[in-house]
Amino acid sequence: MAAVSLTATAVGTAPPAGAATAEFLPAPPHNPYAGPDGTATMHGDTGSSDLTPLAGPGAGTLTARRTALASACPTLLIGSDGYPVVLCTPIFGQVPTVHLLDPKSGASLAELELTKGSLLGGVYAYIDQSDRLTVIDGSRSLLRVGHHRTAAGGWELTVDQSLSLASAIAEDDAVTGLAPDWQGRVWFATGGGTVGTADDRTGTVRTLSLPDGERVSNSISTAPAGTAVTSTHATYLLTAGPDGTPLISWRRAYDRGQARKPGQLSWGSGSTPTFFGPGNGTEYVTIVDNADTTVGLQVYETATGATVCSVPVLLAGGPGSENSPIGAGRSVFVAATYGYPYPAVPADAGTAVPASAAFEGGLSRVDVRPDGSGCDLVWDNELRSAAVPRLSTADGKLRTVLRNPVIPGTSTTSLLDPYVYAEIDPATGRVTRSKQVGIGSLYDSLQMAGTIGPDGTYYQGTVTGVVRVTAG
């Protein structure tokens, strides 16, 4: 294991504030079978870097507006035409529903119900190269959902293409993540531990079963070198054989702790694995483990699976993260979710130990050393991020939504908590600009990912719809 350098809350040597964003490049290479980088997947791109090449709200007074959809909306994606496509789960009925939003007003222009599945089934989706939402629904079908103008000049959402995966996925199982590879196949992983490829051009579906007891509770990531999958026990890099059958290149177990923690949705890592690196954007892959007392950022070489470093993170806040790390050049950013009060967890999540905890928050930055000999914690703080942060390589700002306590200085949560859009300096971890988006549970961003549109609008899914933050 490579050496780790830790000193205090503000540790390491951070670049000066306002430094050029070049240090956070390159992003993972563009996948030709996905939509625009930054908006094609929940985590920006198929490498799950949580980077965006788009600048956020510009100078001027910030304004926050909510589009009420009576639904939790974790997935907001935008294709090359600039129209946001949102995958939501209504509060009543919980039938997954796709909405097409007006990019100018945020209003829903059209909607389409999908087949209901598990709590996490259908949460992850992506926009393909033809601006179609690609998702696997509760019927275990791979769908391509397009949006089209009607004869009357309005909009409609339609299933343009469908491929049943029922022969490859057990009836009591559900897909938790999917992403395209560089050959146009769609990789998928299920909660029960099946990993597969589906080619809806030929109808070919091939699968691999992970070892007994291993589940997949988060999404998956793809890079030219292969597909990264993190189960409740280990991280894998997989490639496809000549017929598309998944093959294991390497497997690295991590410390999964004694049980699920409060603020997490499964017993194990909460990370969608993240590709990053200073050369081609994919030299490394990283996750956060689930160690009992202090969680660690695990960084592996993509080519070999060799451990680059294992660094304790989230020291000032809570020891747990359900969020995918941001990977940017040599830097990784991690947000804590320990103690976050989710209204529900999957039925098979298991008991949390302890049963509950305060939401302390926490945000850390770790840099891989230039020679690859290890990693260093650069800074660590107690910011209470209530969303998956996003880093813009255009304006050099981290963005998230903070859940502040009603009583300042405490770590309690309540139904009256204020939610605040925040811009953060990645060099220091300090908030440089903020705007309250709302007060109370209607605005709970529930650790969902934010997205920046091509016009600079920041979109944030909440438990009841979508919040839009604009400037000017």
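A residue counts as buried when its relative accessible area is under 20%, and strand S30 (residues 398-403) makes a good starting point, since 6 of its 6 residues are buried by that cut-off. Please keep in mind as you look around that this is a predicted model. Below, we visit S30 and its partner strands, then the nonpolar cores, and finally two buried aspartates in loops.

**Strand S30 and its partners**

- Leu 398, Thr 400 and Leu 402 point one way from S30, while Arg 399, Val 401 and Arg 403 point the other way.
- Residues on both of these sides are buried, the two arginines Arg 399 and Arg 403 included.
- On one side of the pairing, S30 meets strand S29 (residues 390-392) in the antiparallel sense over 2 bridges, with Arg 390 standing opposite Arg 399.
- S29 and S30 form a hairpin that has 5 residues between the strands; in the turn, Gly 396 has a positive phi of about 70 degrees.
- S30 also pairs with S31, again in the antiparallel sense, over 6 bridges, and here Leu 402 stands opposite Val 420.

**Nonpolar cores**

- In soluble globular proteins, nonpolar side chains tend to be buried together.
- The largest nonpolar core in this model has 19 residues, and Tyr 340, Tyr 419, Tyr 421, Val 437, Leu 446, Tyr 458 and Val 469 have the most contacts inside it.
- Strands S31 (418-424), S33 (448-452) and S35 (465-471) each give two or more residues to this core.
- Leaving aside neighbours within four places in sequence, Tyr 340 is in contact with residues including Tyr 419, Leu 446 and Phe 359; Arg 403 of S30 is also among its contacts.
- A second, separate core of 18 residues includes Val 308, Val 311, Val 332 and Ala 336.

**Two buried aspartates**

- Asp 50 sits in the loop between strand S1 (3-5) and strand S2 (51-52), and it counts as buried because its relative accessibility is 0%.
- Beyond its neighbours within four places in sequence, Asp 50 is in contact with Met 42, His 43, Ser 324, Pro 325, Ile 326, Val 388, Pro 389, Arg 390 and Leu 391.
- Asp 128 belongs to the loop between strand S8 (126-127) and strand S9 (133-136); with a relative accessible area of 0%, Asp 128 is buried too.
- The side chain of Asp 128 reaches the backbone nitrogen of Ser 130 at 2.8 Å.
- Among the contacts of Asp 128 outside four places in sequence are Tyr 33, Thr 134 and Arg 144.
- The C-alpha atoms of Asp 128 and Ala 40 are separated by 7.2 Å, although these residues are 88 residues apart along the chain.

Conventions
Residues numbered from 1 in each chain as written. Predicted model: local features only at pLDDT ≥ 70, side-chain atom pairs only at ≥ 80, totals over all residues. Heavy atoms only, no water. Helix = DSSP H or I, 4+ residues; strand = E, 2+ residues; numbered from the N terminus. Buried < 20%, exposed > 50% of the residue type's maximum accessible area, 1.4 Å probe, protein only. Contact = heavy atoms within 4.5 Å. Core = buried A, V, L, I, M, F, W, Y, C linked by side-chain atoms within 4.5 Å. Polar contact = N/O pair within 3.5 Å; in protein donor to acceptor, adjacent residues only side chain to side chain. Pairing = 2+ DSSP bridges.
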